[in-house]
Amino acid sequence: MQLGLIGYPIAHSLSPWIHHRLLTMHGIEGEYSLYECNPEQFPDQMEQLKGSKINGFNVTVPYKEKIIPYLDELDEAAKFLGAVNTVKSDNGRLIGYNTDGRGYAASLLNQYDDALKSSDKVLILGSGGAARGIFYALLKHGVKKINVANRTVEKAQRVIEDLQAHSTSSALTLQQAEEDLSQYDLIIQTTSVGMAPEKNRTLISLTGINANTIVSDIVYRPKKTSLLKEAERQGARLHYGHGMLLNQAILAFEIWSGKSTAASRIMTAFEEKLKGE
Ligand code: ATR
């Protein structure tokens with residue numbers, strides 16, 4: 001199979017490692033190549049991919065939205081979110097999917113099978129593409145009350161309005177969110193805060209959370225972010241970001257190859273790989 005990734009910059013992506021492992025695991029001959037291109041080169045690169053023998057590819061920053069005009073069809077999640085992270089090529093006919101949110105939910109449920117009950121109250125921190133994908137996946141799991149807090153509260157409001165017809169959810173400032181954390185069963189951090197160069201920062205303070213709350217951070221470099229360290233001090237349950245990365249990749253691979261993979265089969269090796277980074 002000919003697979004790959006389009007984005008900019010992508011030299012440090014972990015996707016080649018994951019997909020080469022999946023190809024080997026399923027005994028499929030193939031290659032996962034990096035198609036790094038700047039925005040000027042993007043149209044030509046897309047034409048080239050469309051005319052090539054590629055079976056599928058991933059899409060990352062900054063093209064998850066820009067790729068849509070080049071595609072022939074979108075799955076429900078990609079259509080709803082207006083963003084694509086996986087493309088399948090059917091003899092040049094390109095179909096766009098979005099596995100980010102489903103990957104997140106799978107990763108969370110692999111670790112905590114009691115998460116995502118319809119009665120759960122969830123707080124999402126951030127309002128970018130990752131937050132939207134996760135919000136959508138939680139709705140699909142029947143979670144009804146999903147508050148969104150963001151530095152720019154108008155953007156949080158837009159996420160709720162775009163994705164949810166009824167209004168059981170609220171948009172909050174980061175300060176408002178901080179003031180009433182004890183109500184949440186799950187708190188999900190979706191911004192880049194916690195990653196270099198903001199490694200030592202947390203978006204909010206976790207004072208007042210319940211001991212049973214799951215604190216989840218989608219940042220995976222470092223594995224234990226400052227927010228997760230604080231959650232640990234508070235006795236909360238932790239959920240790390242690398243599982244989302246692995247699970248969205250497994251779901252993309254399934255779209256291309258028809259082969260499903262239990263994340264547990266690859267998790268230990270993936271964690272070793274991350275340690276060596
Ligand atoms: P992605 O698509 O990867 O989720 P994005 O669309 O750039 O990324 O969204 C970034 C999110 O991180 C936004 O919610 C952003 O807040 P604003 O909407 O107020 O810009 C948030 N974010 C990024 N850096 C931040 C910082 N230093 N402090 C607070 N929020 C930050």
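The legends below describe an overall view and several close-ups of a predicted model.

**View 1. The whole chain, with 10 helices and 12 strands.**
The C-alpha trace spans about 55 × 40 × 35 Å along its principal axes. A compact globule of 277 residues would have a radius of gyration near 19 Å, and the chain agrees with this at 19 Å. Of the 277 residues, 49% count as buried. The chain exposes about 12,900 Å², of which carbon and sulfur atoms supply 46%. There are 30 positive and 31 negative side chains, and the centres of these two sets lie 3 Å apart. Among contacts between residues at least 6 apart in sequence, 67% join residues at least 24 apart.

**View 2. The parallel sheet, an open arrangement of 6 strands.**
The strand order is S9-S8-S7-S10-S11-S12. Strand S9 (171–172) and strand S12 (237–239) stand at the edges. Each of these two has a single partner strand, so one side of each is left without a neighbour in the sheet. Elsewhere in the sheet, strand S7 (residues 121–125) pairs with strand S8 (residues 145–149) in the parallel sense, over 5 bridges. Within this pair, Leu123 stands opposite Asn147 in S8.

**View 3. Helix H8 (residues 226–233) and its cover.**
The buried residues of helix H8 are Ser226, Leu227, Leu228, Glu230 and Ala231. An α-helix has 3.6 residues a turn, so residues three or four places apart point the same way. What covers the buried residues of H8 includes strand S10 (186–189), strand S11 (214–217) and S12. These three strands also belong to the parallel sheet of View 2. Gly235 follows H8 and has a positive phi, near 80 degrees.

**View 4. The mixed sheet, also open and built from 6 strands.**
Here the strands run in the order S2-S1-S3-S5-S6-S4, and the pairing is mixed. The edges are strand S2 (31–36) and strand S4 (73–74), each of which pairs on one side only. Strands of a sheet pair through backbone hydrogen bonds, either parallel or antiparallel. The antiparallel sense is found between strand S5 (residues 86–90) and strand S6 (residues 93–97), which pair over 5 bridges. Lys88 has Ile95 in S6 as its bridge partner.

**View 5. Ala249, a buried residue of helix H9.**
Helix H9 covers residues 242–257 and contains Ala249. The relative accessibility of Ala249 is 1%; the cut-off for buried is under 20%, so the residue counts as buried. Leaving aside neighbours within four places in sequence, Ala249 is in contact with Ile18, His19 and Leu22. The C-alpha atom of Ala249 is separated by 8.6 Å from that of Asn58, although the two residues are 191 apart along the chain.

**View 6. Gly27, an exposed loop residue.**
Gly27 is found in the loop between helix H1 (15–25) and S2, an edge strand of the mixed sheet in View 4. Its relative accessible area is 68%; exposed means over 50%, which is why Gly27 counts as exposed. The C-alpha atoms of Gly27 and Ile146 are separated by 41 Å, and the residues are 119 apart along the chain.

Key. Residues numbered from 1 in each chain as written. Predicted model: local features only at pLDDT ≥ 70, side-chain atom pairs only at ≥ 80, totals over all residues. Heavy atoms only, no water. Rg over C-alpha atoms; globule rule 2.2 N^0.38 Å. Buried < 20%, exposed > 50% of the residue type's maximum accessible area, 1.4 Å probe, protein only. Contact = heavy atoms within 4.5 Å. Areas by Shrake-Rupley, 256 points an atom, 1.4 Å probe, with all protein chains shown as cover. Lys, Arg positive; Asp, Glu negative; His and termini not counted. Charge placed at Lys NZ, Arg CZ, Asp CG, Glu CD. Pairing = 2+ DSSP bridges.
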